[in-house]
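Here's a quick walk through this fold, written for someone who would rather look at residues than read a methods section. Keep the viewer open as you go.

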Amino acid sequence: MAVVTLDTTSLKCPQPVLKIAAKSPDMKSGDILEVIGDCPTFERDIRAWCKRLKKTLLFIRNEDAGQMRCQIQF
C-alpha cells in the first residue's frame, strides 16, 4: 500500500478533480491518495467524485490558511 500526495493548491474547479482523475490510473487497490487544495468547492467536488467512482473517502478536513486535506483509498 502506497500513500501518494497530490497538491492542488491554487487550482480552481474543476482542475483538482481532473488532477485526481489523471492520477487514479497509477493507483493500485489499497493505495491512498492524499489531496491538498484550497478551491472553494473542494469538499463538495471530492465527495461527489468518490461517490461516483465508488472510492473510499477516509477523511476530509480543514487545515491552516484555508486549505483542505483529504485521503482517498483506492
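Let's start with strand β4, which covers residues 68-73 and is mostly tucked away: five of its six residues are buried. Bear in mind that this is a predicted model. What does β4 pair with? On one side of the pairing list is β2, which runs antiparallel to β4 and is joined to it by six bridges. If you want a landmark there, look for I36, which stands opposite R69 in β4. Strand β3 (residues 56-62) is also antiparallel to β4, again with six bridges, and here I60 faces C70 in β4. β3 and β4 make a hairpin with five residues between them. In that turn, A65 has a positive phi of about 55°.

Now zoom out a bit. The protein has two helices and four strands, and reading along the sequence gives the pattern β-α-β-α-β-β. The C-alpha trace spans about 30 × 20 × 15 Å along its principal axes. A compact globule of 74 residues would have a radius of gyration near 11 Å, and the protein agrees, because its own value is 11 Å. Of those 74 residues, 41% count as buried. Among contacts between residues at least 6 apart in sequence, 64% join residues at least 24 apart.

Next up is helix α1. Which of its residues are buried? They are P16, V17 and I20. These sit on the same side of α1, because they cover an arc of only 95° around the axis. The general rule behind this is handy: an α-helix has 3.6 residues a turn, so residues three or four places apart point the same way. The buried residues of α1 pack against β1 (3-7), β2, α2 (42-53) and β4. Flip to the face turned away from that buried side and you'll find the exposed residues L18 and A22.

Just past the helix comes S24, in the loop between α1 (15-23) and β2 (32-37). A polar atom of the S24 side chain lies 2.9 Å from the backbone oxygen of A21. Setting aside neighbours within four places in sequence, S24 is in contact with W49 and F74.

Finally, the charged pairs. How many salt bridges does the structure hold? There are six, and the table shows three of these pairs, with the distance between the closest N and O atoms.

| Pair | N to O distance |
|---|---|
| D26 and K23 | 3.9 Å |
| R44 and D45 | 3.9 Å |
| R61 and E63 | 2.9 Å |

How covered are the partners? K23, which pairs with D26, is partly exposed at 27% relative accessible area. In the R44 and D45 bridge, the two ends sit in opposite classes. R44 counts as exposed because its relative accessibility is 57%, over the 50% cut-off. D45 is buried because its relative accessible area is 16%, under the 20% cut-off. The R61 and E63 pair falls in between: R61 is partly exposed at 40% relative accessibility, and E63 is partly exposed too, at 28%.

The R61 and E63 bridge isn't on its own, either: E34, R61, E63 and R69 are linked in a network of salt bridges. That brings us back to β4, since R69 is the residue there that stands opposite I36.

Definitions and conventions. Residues numbered from 1 in each chain as written. Predicted model: local features only at pLDDT ≥ 70, side-chain atom pairs only at ≥ 80, totals over all residues. Heavy atoms only, no water. Polar contact = N/O pair within 3.5 Å; in protein donor to acceptor, adjacent residues only side chain to side chain. Contact = heavy atoms within 4.5 Å. Salt bridge = Lys/Arg side-chain N within 4 Å of Asp/Glu carboxyl O. Buried < 20%, exposed > 50% of the residue type's maximum accessible area, 1.4 Å probe, protein only. Pairing = 2+ DSSP bridges. Arc of directions from axis to C-beta. Rg over C-alpha atoms; globule rule 2.2 N^0.38 Å.
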